[in-house]
Amino acid sequence: MTKYHLSLQLLILFQFSSIISAIRKDIGFEQSRSCRNTVQGRYLLSDDNGYVCDALSVDPPSRCCPENGLRFSCQGCNLVSQCCNSYEFCVSCCLHPSRTQEAQVLKVKIAKPSTAVSYTSVFDFCAGRCRHNSESVVHENAYRSDFHHCFSLPSNSSGANYTQLEARLGGINVVIGKQGESCDSVCKSNGQSCVLNKLLVLNQCDVMQKYMSCKGGCLASIGTDQPAEVVEDAPRHLNPGACLYTRTQSLLSCDGSLWHTRRLCPCA
């Protein structure tokens with residue numbers, strides 16, 4: 001073989017190698033997506049990126065919802081109570097970084113203190129809290145309302161719930177009314193107005209117990225005068241000294257009153 005032929009072969013080989021190298025540098029492989037999702041509902045799913053989609057549109061290999069769908073959606077949720085009427089939208093709403101702080105939820109314990117472990121991710125917290133939340137249940141076997149998928153922090157989570165309560169009542173003057181007085185009247189006598197949507201925040205036993213004695217316990221009831229405390233000299237069948245909350249949120253009213261109760265009112 002002549003030097004000419006050898007040089008020609010080396011030149012061709014060098015050029016071919018350069019082409020291959022260039023091709024390999026230009027080729028990019030898309031990173032595979034992988035999601036965890038709720039897999040609970042018959043029709044809807046929420047993945048750990050906060051997207052909600054119907055079960056048929058989930059990508060089977062990745063288990064992710066399409067990224068052109070609803071993300072961090074609070075459809076059917078009450079942002080005051082942090083409760084929703086749908087499990088999947090509860091999880092999606094909970095996953096929004098502005099509503100659930102990772103540093104807080106990773107400290108929340110699961111189960112009783114003696115056997116408790118912590119949540120390992122925000123998704124674990126949201127999926128768990130929205131499914132089982134004792135604060136949306138009364139008497140251990142009945143829901144407070146149709147909005148029973150709740151993602152609020154538990155009451156015993158190192159004071160975090162109290163801080164959260166203060167934030168939700170920011171700018172609100174919580175006032176205990178006189179016997180038989182409506183919240184409209186209570187707030188007006190203080191030069192303020194009753195804030196209807198904040199009644200939902202006050203309509204909880206742990207909140208009422210911060211402002212009222214509730215010596216007779218905390219009981220579910222039905223009435224437009226709630227949240228309220230039954231006065232001590234009320235007839236025995238009305239449970240004197242008991243705090244009352246309503247299970248029917250649509251009944252919450254600023255103008256409701258009952259002679260035997262003292263209302264807890266949000267004024268501003």
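The legends below accompany close-up views of a predicted model.

**View 1. The protein as a whole, with its helices and strands.** In this predicted model, the secondary structure comes to eight helices and 15 strands. The protein has 268 residues, of which 42% are buried. About 15,500 Å² of the protein is exposed, and carbon and sulfur atoms supply 54% of that area. When contacts between residues at least 6 apart in sequence are considered, 60% of them join residues at least 24 apart. The structure also holds 12 disulfides, among them the links of Cys83 to Cys150, Cys183 to Cys265 and Cys205 to Cys218, which are taken up in later views.

**View 2. The open sheet of three strands.** The strands of this sheet follow the order 4-5-10, and their pairing is antiparallel. Strand 4 (77–78) and strand 10 (149–150) are found at the edges, where each has a single partner strand, so one side of each is left without a neighbour in the sheet. Strand 4 is joined to strand 5 (residues 83–84) by two bridges, and these two strands run antiparallel. Within this pairing, Asn78 has Cys83 of strand 5 as its bridge partner. Strands of a sheet pair through backbone hydrogen bonds, and they may do so in either the parallel or the antiparallel sense.

**View 3. The disulfide between Cys83 and Cys150.** Cys83, the bridge partner of Asn78, is also joined to Cys150 by a disulfide, with a distance of 1.9 Å from S to S. Because Cys83 lies in strand 5 and Cys150 in strand 10, the pair ties together parts that are 67 residues apart in sequence. The torsion about the S-S bond of Cys83 and Cys150 is about 105 degrees, and the disulfide is therefore right-handed. Cys83 is buried, with a relative accessible area of 10%, and Cys150 likewise counts as buried, at 1% relative accessibility.

**View 4. The open sheet of five strands.** Here the order of the strands is 11-15-13-14-12, and the pairing is mixed. Strand 11 (173–176) and strand 12 (218–221) are the edge strands, each of which pairs on one side only. On average, neighbouring strands of this sheet are turned by 25 degrees against each other, when direction is ignored. Strand 12 pairs with strand 14 (residues 243–246) in the parallel sense, over four bridges, and in this pairing the bridge partner of Ala220 is Tyr245 of strand 14.

**View 5. Strand 15 and its partners in the sheet of five strands.** Six of the seven residues of strand 15 are buried, so this strand is largely enclosed by the rest of the structure. Strand 11 pairs with strand 15 in the antiparallel sense over four bridges, with Val175 standing opposite Cys265 of strand 15. Strand 13 (residues 228–230) also pairs with strand 15 in the antiparallel sense, over three bridges, and there Ala228 stands opposite Arg263 of strand 15.

**View 6. Two disulfides that link helices to strands of the sheet.** Cys265, which stands opposite Val175, forms a disulfide with Cys183, with a distance of 2.1 Å from S to S. With -85 degrees about the S-S bond, the link of Cys183 and Cys265 is left-handed. This pair links distant parts of the chain, since Cys183 is in helix 6 (residues 183–188) and Cys265 in strand 15 (residues 261–267), 82 residues apart. Both Cys183 and Cys265 are buried. In the other disulfide of this view, the sulfur atoms of Cys205 and Cys218 are 2.1 Å apart. The torsion about the S-S bond of Cys205 and Cys218 is about -90 degrees, so this disulfide is left-handed. Cys205 belongs to helix 8 (residues 205–211) and Cys218 to strand 12, and the two cysteines are 13 residues apart. Cys205 counts as buried, at 14% relative accessibility.

**View 7. The aromatic pair of Tyr119 and Phe125.** The count of aromatic pairs in this structure comes to one. The ring centres of Tyr119 and Phe125 are 5.4 Å apart and the ring planes stand at 85 degrees, so the pair is edge-to-face; the cut-off for that class is an angle over 60 degrees. Tyr119 and Phe125 are both buried.

Methods:
Residues numbered from 1 in each chain as written. Predicted model: local features only at pLDDT ≥ 70, side-chain atom pairs only at ≥ 80, totals over all residues. Heavy atoms only, no water. Pairing = 2+ DSSP bridges. Axes fitted to C-alpha atoms, helices over the stretch in contact; angles between N-to-C directions. Buried < 20%, exposed > 50% of the residue type's maximum accessible area, 1.4 Å probe, protein only. Contact = heavy atoms within 4.5 Å. Areas by Shrake-Rupley, 256 points an atom, 1.4 Å probe, with all protein chains shown as cover. Phe/Tyr/Trp six-rings, centres within 6.5 Å; stacked < 30°, edge-to-face > 60°. Disulfide = S-S within 2.5 Å.
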